[in-house]
Amino acid sequence: MREYLVKLTIPSVQELITQSRKLIDLYGGSSLIPSILSQVFKKFVNNQQVDFLIPTKEVIENHPENITNVAYIVYKSDSEEKVKNFCEELEKEIYDTLVKTLYNPLEKWKVDSYKKLAFYQIKSSIKVIYGAVEIKERLKQTKNEVDKLVAYLKGTIEPDSTVIEGVNLYEKENNLYFEKDFLEFLENQKNIQNQTYPHVLGAYLCNVCGKRSIIGATPNDLKGSKFWEKLQVERYPLISESEKLCGFCLSKRIYKYKEAKIESVVNYAIREYEKDVEEKLLGILDKYHVQDTQIIYKENWEKYKIPENLKQELEDFYKDNGEPSKYYAFLMADGDSMGEKVDEAFESEVKLKAFTEKLSGYSKQFKEIVEKNRGEIVYTGGDDVLGILPKSTVLDTFEKIYDKFSETSTMSGGIVIAHYKVPLNYVLNELRKAEKTAKNKGKKGVYIKYIKHSFSSSGCFLKREEIEDFKEVVNIVSQQDFPKTFINQLEMLLKPYSTKEDLKEEKQIVENLIKYLINKKKFNNREKFEKLILKQTFEKVEDIVGKLKVAKFLAARSEV
């Protein structure tokens, strides 16, 4: 009996997360792959021919939420054909479970007329890539070989060219793009209206992913207005005004939905209040059966036409407790150089099992840290964590997660603090960029960025050892005697050096200019502020200006 190392992966899972308009999309997208793979792997976990390396049997049975999009499995067989059959069976089970998970709940929404299109969009939403290599020598060497094989196979993926998504799903005619008079063919409105060539009838694209055609469209209603306007009334706030989704994005939203209140990012912005004060505000909203928490902001009162009694209660609440924050935060982080550490763990199955179970244990600890800081975990798996938190606790949360993981490796993270009206998919894309920036700037730290309602923004990179000093800077900037114009003046003073990619030669000049401006100002803790600023790492002018802008934003008492 020979042993084969099987690697299975589902690429591009980050798109399932970032393609979100509501928090329910985010939760649905982040939990989809762990949910599907756990259901499939449980069917094979007691098979004597199958030995799960990543995830381990213990993770599959007891912590399925920690399963990621990559799996390594040892399969025992006396022939390559049986290994191939095993891989194909895994693939089929994954696609069948995907359809069962997403399409079955969708059927209750009366989508029979669009069944073919919705079914295709769900099944084609992921790709399953797998490869297998016989284990002849060391396990680590075999892993390198199967990694190369799967990487090659990922590169061969091509779009499906056999069908066209329009108002429904159509099989492509072989000669569609070989008409002699193609322009005349496209301009022949009579043929289009008579649906001789339905392929050219293009439905609108999904509001969430922007890639797939919406369901609900017809040849006479390409926007699907009739279908969606009805849902916007019957299913609000699950389906908001003007939303039109493809079959996959709609089902991703529905499958996690329970008959309960749908949370908004505003629910995390208001956690700037103490817990009892937050609960009092939510109690007022419950009293008036408010479904959309955005109603708490005065700027929305006219739009929502709220009753005078509710308006008065909110006014009284704000008089006692201050107006609610309009900003919330996302935190994304993962371990540095984890690929190398996984390779090292593949020296033996015993070492690998200990390593993967240790990583799995972090998930529970990360969840506890985030929840203690009044946030919620969106996703956690091994060294990866994604959470949503109040603005005021997010940096402390990163520190604690970093320190907890430090016994295994350093970490890099991204933090984005955003106004509640900034589109969620934009915020999530900026979050991914922030984490990538932290990796590019040397790892072992976090890139923190704020985005205002106007989309104006600034950001900075903080090494882990700089964070406490940075908090001191925030504290000084928050004092009433700190000069309001200091940061703008410093930015203008350093402008001649702002195009320099590296300040090695000019660093002393820049430091002297910083000292000069600080010494011109009168405020408490001036000497401490100078020491803290010059202690911070900066290679470019934007590094030091960015840190001060972020500090000013975090220190601000009023928000725009």
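Okay, let's start with a question: which residues line the second largest cavity? They are Ile296, Tyr297, Lys298, Tyr318, Glu323, Pro324 and Lys326. Keep in mind that this is a predicted model. By class, that lining has four nonpolar residues, no polar ones and three charged ones, around a volume of about 30 Å³.

Now the other cavity. The count at 30 Å³ or more is two, and the largest cavity holds about 50 Å³ of space. Around it sit Phe470, Val473, Ile533, Gln536, Ile544, Lys547, Leu548 and Ala551. That's six nonpolar, one polar and one charged. Helix H23 gives the largest share of this lining, with four residues, and H19 also supplies at least two.

So, on to H19, which covers residues 467–477. Phe470 and Val473 from that cavity lining are buried in H19, and so are Ile467, Asp469, Val474, Ile476 and Val477. What's on top of them? The cover includes helices H17, H22 and H23, plus strands E11 and E12.

Those two strands bring us to the sheet. Six strands make an open, mixed sheet, in the order E8-E9-E7-E10-E11-E12. E8 and E12 are the edges, each pairing on one side only. On average, neighbouring strands are turned by 15° against each other, if you ignore direction. In the middle of that order, E7 and E10 run antiparallel and are joined by nine bridges; for instance, Phe330 has Val416 in E10 as its bridge partner.

Two of the helices I mentioned lie across this sheet. H17 goes over E7, E9, E10, E11 and E12, at about 165° to E10. H23 crosses E7, E10, E11 and E12, and runs at about 105° to E12.

One residue I'd like to point out is Lys449, in strand E11. Is Lys449 buried or exposed? Its relative accessibility is 16%, and the cut-off for buried is under 20%, so Lys449 counts as buried. Beyond its close sequence neighbours, within four places, Lys449 is in contact with Ile415, Val416, Ile417, Glu430, Ser457, Ser458 and Gly459. Val416 there is the bridge partner of Phe330 that came up a moment ago.

Last, the open space. The largest pocket has a volume of about 1200 Å³. It's lined by 46 residues, with Thr68, Asn69, Val70, Asp383 and Asp384 lying nearest its centre. The lining splits into 21 nonpolar, 14 polar and 11 charged residues. That's what I have for today.

Methods:
Residues numbered from 1 in each chain as written. Predicted model: local features only at pLDDT ≥ 70, side-chain atom pairs only at ≥ 80, totals over all residues. Heavy atoms only, no water. Buried < 20%, exposed > 50% of the residue type's maximum accessible area, 1.4 Å probe, protein only. Contact = heavy atoms within 4.5 Å. 1 Å grid on protein atoms, 1.4 Å probe; cavity = no way out; pocket = protein on both sides within 12 Å on 5 of 7 lines; lining within 4 Å. Points joined across faces, edges and corners; volume = space filled by probe spheres on them. Nonpolar A, V, L, I, M, F, W, Y, C, P; charged D, E, K, R; others polar. Pairing = 2+ DSSP bridges. Axes fitted to C-alpha atoms, helices over the stretch in contact; angles between N-to-C directions.
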